[in-house]
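Thank you all for making time this morning. I would like to take you through one chain, beginning with a single position and working outwards to the fold as a whole.

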Amino acid sequence: MQNNQANMSVGVVFALMATLLWGSYPLWYSPLKGIDSVDVLAVRVVGSLLFVLILLGMAKNASFSDVKALLKDNRARLVLASSAAISGIWWLTYIIGVTNNMVLEASLGYYISPIFSVMFGFLVFKERPSMVQWFAIILTATAILNLIAGYGQTPWIALIIGMCFSLYAAIRKGVAIKPLPGLTIECVFLFPFAIGYFIFLAFQGGPSFGAETTTTQWAVLAVVGLISVLPLWWYTVAAQNLEMITLAFFQLIPPTCNFIFAVFLFGEEFTEHHQVTFALVFLASLIYLLDQAKVFSRKTLAAGEQ
């Protein structure tokens, strides 16, 4: 009993650290306004590979032999190449959102991602959503359409982030890949594109950061890889010590932090259409989580009776 409580305490601490760091991303990327988003992405890829290699060397439950084994597995290579491509699109879209004063839209993307997961489960894995989940999907679709009607344009940042976040999980589903070795290979797949991009820039006059880059911007660029890898590592520890339904509630922390920063710190426009949209999305998220909690409770009871 004491061991379970200790494990839960460890899980809660690491889940909080991971989700709060993810939620603080707007504070890290906001100073990079003025630097091309693709340049930032390329730095993030290089930095992520450097730090993930360091963490892999320090890890007790993963090693470079795991990386070698994955590279020899054709299916694992295909899965990780696909997830790496999605990660690149996902990261770039988020960076564009934050550095172009669209943090609110980025937060919306993470809020709607569980609903996209249900849709991908239905379309790809033939999983049948419950009536409650269908209701959450309808609420989310209504929220997006409401924003489109008031916005006058499609919230592409939110839609791309939501789809990438969900599609990433769908692609990795059912394939036993340890997080750190998997992330290492994803970074390895993206690394040549980052280096190739920097070589291209060298013939085009160099990247958008240089002599005029501020000390703060250099500091952020120096750690952007570390803050990409650390929360994943922490979240992995949390996942080993917490039940999935508990983790689902922690996943609401990053978009909520993004939402708070966008409205109260960055002063982004929050119209009546935004209020209706986010109210509907909050309701859909709550319905989805309560439904998942109910399903998890049933499975737990069934397992206890066996």
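Before anything else, is G152 buried or exposed? Please keep in mind that what you see is a predicted model. G152 has a relative accessible area of 68% and is therefore exposed, since the cut-off for that class is over 50%. As for where it sits, G152 belongs to the loop that connects α7 with α8, the latter covering residues 156-172. If you look from there to G205, which is 53 residues away along the chain, the two C-alpha atoms turn out to be separated by 38 Å.

Let me now step back to the overall architecture. The chain contains 14 helices and 0 strands, and its C-alpha trace spans about 65 × 50 × 35 Å along the principal axes. For 306 residues, a compact globule would be expected to have a radius of gyration near 19 Å, and the 20 Å found for this chain agrees with that. Among contacts between residues at least 6 apart in sequence, 85% join residues that are at least 24 apart. Of the 306 residues, 46% count as buried, while the chain as a whole exposes about 15,800 Å², of which carbon and sulfur atoms supply 68%.

Turning to the interior, which residues touch the most other members of the largest nonpolar core? That core has 71 residues, and the ones in question are Y29, L32, W90, Y94, L108, I112 and I161. Helix α6 provides the largest share of this core, namely 11 residues. Taking L32 as an example, and not counting residues up to four places away in sequence, we find that it touches V40, T99, Q217, V220 and L221. There is also a second, separate core of 19 residues, which includes A62, V67, V175 and L180.

Two serines are worth comparing in their settings. S285 is found in helix α14, which runs over residues 272-305, and because its relative accessibility is 9%, below the 20% limit, S285 counts as buried. Leaving aside neighbours within four places in sequence, S285 is in contact with Y111 and L252. S63, by contrast, lies in the loop between α3, residues 37-58, and α4, residues 64-72, and with a relative accessible area of 28% S63 is partly exposed. Once neighbours within four places are left aside, the contacts of S63 are L56 and P181. For P192, which is 129 residues from S63 in sequence, the C-alpha to C-alpha distance to S63 is 22 Å.

Finally, I would like to return to the outside of the molecule. Which residues form a nonpolar patch on the surface? They are M119, F122, L123, V124, F125, M131 and W134, and together they have about 690 Å² of accessible area. The elements that give two or more residues to this patch are α6, residues 103-123, and α7, residues 131-151, with α6 giving the most, at 3 residues. F125, one of the patch members, lies in the loop between α6 and α7. With a relative accessible area of 33%, F125 is partly exposed. So helix α6 appears twice in this account, as the source of the largest share of the 71-residue core and as the element that gives the most to the surface patch.

Conventions
Residues numbered from 1 in each chain as written. Predicted model: local features only at pLDDT ≥ 70, side-chain atom pairs only at ≥ 80, totals over all residues. Heavy atoms only, no water. Patch = residues over 30% accessible without salt bridge, like charges linked within 9 Å, V, L, I, M, F, W, Y side chains within 5 Å. Areas by Shrake-Rupley, 256 points an atom, 1.4 Å probe, with all protein chains shown as cover. Salt bridge = Lys/Arg side-chain N within 4 Å of Asp/Glu carboxyl O. Helix = DSSP H or I, 4+ residues; strand = E, 2+ residues; numbered from the N terminus. Buried < 20%, exposed > 50% of the residue type's maximum accessible area, 1.4 Å probe, protein only. Rg over C-alpha atoms; globule rule 2.2 N^0.38 Å. Contact = heavy atoms within 4.5 Å. Core = buried A, V, L, I, M, F, W, Y, C linked by side-chain atoms within 4.5 Å.
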